Amino acid sequence: LQGLTYVVGAVFAGRLVQRLRRAGVSTRTTLAGTLVLLGLSCALPLVAARASDDTASTAWAVWAMMVVYSPLTGVHWPVVESYVSAGRSGAELRRAMGVWNVVWCSATAGAWWAMGPLVKDHPLELIAGLGGVHILSLVILTRFARDPAPHGDGYEPCPPVYERPRRPRCRRRRGLRGLLR
């Protein structure tokens with residue numbers, strides 16, 4: 001469910017942002033909206049558990065959360081990437097994306113490591129905490145431009161190091177003897 005709904009969100013992210021921009025909603029506001037909805041969806045399992053006093057019967061709330069959360073993250077990441085790559089091309093774009101990926105991967109690994117001791121006894125609180133991180137990250141958006149700058153102007157060919165080396169073509173051998181050689 002998570003993977004499929006993420007892909008749906010990612011596929012339609014560009015269309016959604018463009019439609020909202022035509023309606024006068026900035027990309028930054030769209031990003032803020034996704035963060036708020038992500039944060040609120042993360043609260044659902046904990047709220048459901050507290051309301052029912054039976055943590056085991058709240059599996060429906062985790063599923064409901066993922067139906068909302070996963071496609072929203074599919075929308076969220078392309079929008080974030082558009083800000084990271086905004087106005088950049090060539091070496092500057094490669095460097096920005098490299099730094100972004102190192103920071104993102106390091107933060108994710110650190111979060112998983114920090115969550116480890118808490119997962120067994122406080123899983124719903126961890127999910128709600130993730131929602132809190134989404135809400136707190138709204139502060140960062142104050143530094144974002146209303147809309148990301150267009151991608152770098154001008155075409156720059158890929159550096160030679162990115163090109164796949166050409167392999168010599170082999171003659172196809174037919175039949176069983178060809179397979180055994």
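The exercises below work through the fold, the salt bridges, the aromatic pairs and some single residues of one chain.

The model is predicted, so local features are reported only at pLDDT of at least 70 and side-chain atom pairs only at pLDDT 80 or more, while totals for chains, interfaces and linings use all residues. Residues are numbered from 1 along each chain as its sequence is written, and side-chain values rest on heavy atoms, with hydrogens and water left out.

**Exercise 1. Describe the secondary structure of the chain and its overall burial.**

Step 1. Helices (H or I, at least four residues) and strands (E, at least two) are taken as DSSP runs and numbered from the N terminus. On that basis the chain comes to 6 helices and 0 strands, which read along the sequence as α-α-α-α-α-α.

Step 2. A residue is called buried under 20% relative accessible area, exposed over 50% and partly exposed in between, with a 1.4 Å probe and protein chains only. Of the 181 residues of the chain, 27% count as buried.

Step 3. Accessible areas come from the Shrake-Rupley method with a 1.4 Å probe, and for residues only the protein chains shown count as cover. The chain exposes about 13200 Å², of which carbon and sulfur atoms supply 64%.

Step 4. With contact meaning heavy atoms within 4.5 Å, residues 24 or more positions apart account for 78% of the contacts in the chain that have a separation of 6 or more.

**Exercise 2. Find the salt bridges around Asp-147, and then describe the pair formed by Arg-50 and Glu-125.**

Step 1. The criterion is a side-chain nitrogen of Lys or Arg within 4 Å of a carboxyl oxygen of Asp or Glu, and the structure holds 4 salt bridges.

Step 2. Asp-147 forms a salt bridge with Arg-21, the closest N and O atoms being 3.4 Å apart. Because Asp-147 lies in the loop between helix H5 (123-136) and helix H6 (175-180), and Arg-21 in helix H1 (residues 2-22), this pair ties together parts that are 126 residues apart in sequence. Arg-21 is partly exposed, at a relative accessible area of 37%.

Step 3. Asp-147 also meets Arg-146 in a salt bridge, at 3.9 Å from N to O, and Arg-146 is partly exposed at 44%. Through shared partners, the salt bridges join Arg-21, Arg-146 and Asp-147 into one network.

Step 4. The side chains of Arg-50 and Glu-125 form a salt bridge at 3.3 Å, N to O. This pair links distant parts of the chain, with Arg-50 in helix H2 (residues 27-52) and Glu-125 in helix H5, 75 residues apart. Arg-50 is exposed at 54% relative accessibility, whereas Glu-125 is partly exposed at 33%.

**Exercise 3. Classify the ring pair of Trp-77 and Trp-104 and that of Tyr-83 and Phe-144.**

Step 1. Rings of Phe, Tyr and Trp (its six-membered ring) pair if their centres lie within 6.5 Å; planes under 30 degrees apart count as stacked, over 60 as edge-to-face and the rest as tilted. The structure holds 3 aromatic pairs.

Step 2. Trp-77 and Trp-104 are edge-to-face, at 5.6 Å centre to centre and 80° between the planes. Since Trp-77 lies in helix H3 and Trp-104 in helix H4 (residues 90-119), the pair ties together parts 27 residues apart in sequence. Trp-77 is partly exposed at 29%, and Trp-104 is partly exposed at 36%.

Step 3. The rings of Tyr-83 and Phe-144 have centres 4.7 Å apart and planes at 55°, so this pair is tilted. Tyr-83 belongs to helix H3 and Phe-144 to the loop between H5 and H6, so the pair ties together parts that are 61 residues apart in sequence. Tyr-83 is buried at 13%, while Phe-144 is partly exposed at 24%.

Step 4. Ring pairs also link Trp-77, Trp-100 and Trp-104 into a cluster.

**Exercise 4. Characterise the surroundings of His-76 and the state of the cysteines Cys-42 and Cys-105.**

Step 1. His-76 lies in helix H3 (residues 59-85) and is buried, with a relative accessible area of 12%. Leaving aside its neighbours within four places in sequence, His-76 is in contact with Leu-31, Thr-34, Leu-35 and Leu-38.

Step 2. Cys-42 is buried at 0% relative accessibility, whereas Cys-105 is partly exposed at 42%. The structure holds 0 disulfides, a disulfide being a pair of cysteine sulfur atoms within 2.5 Å.
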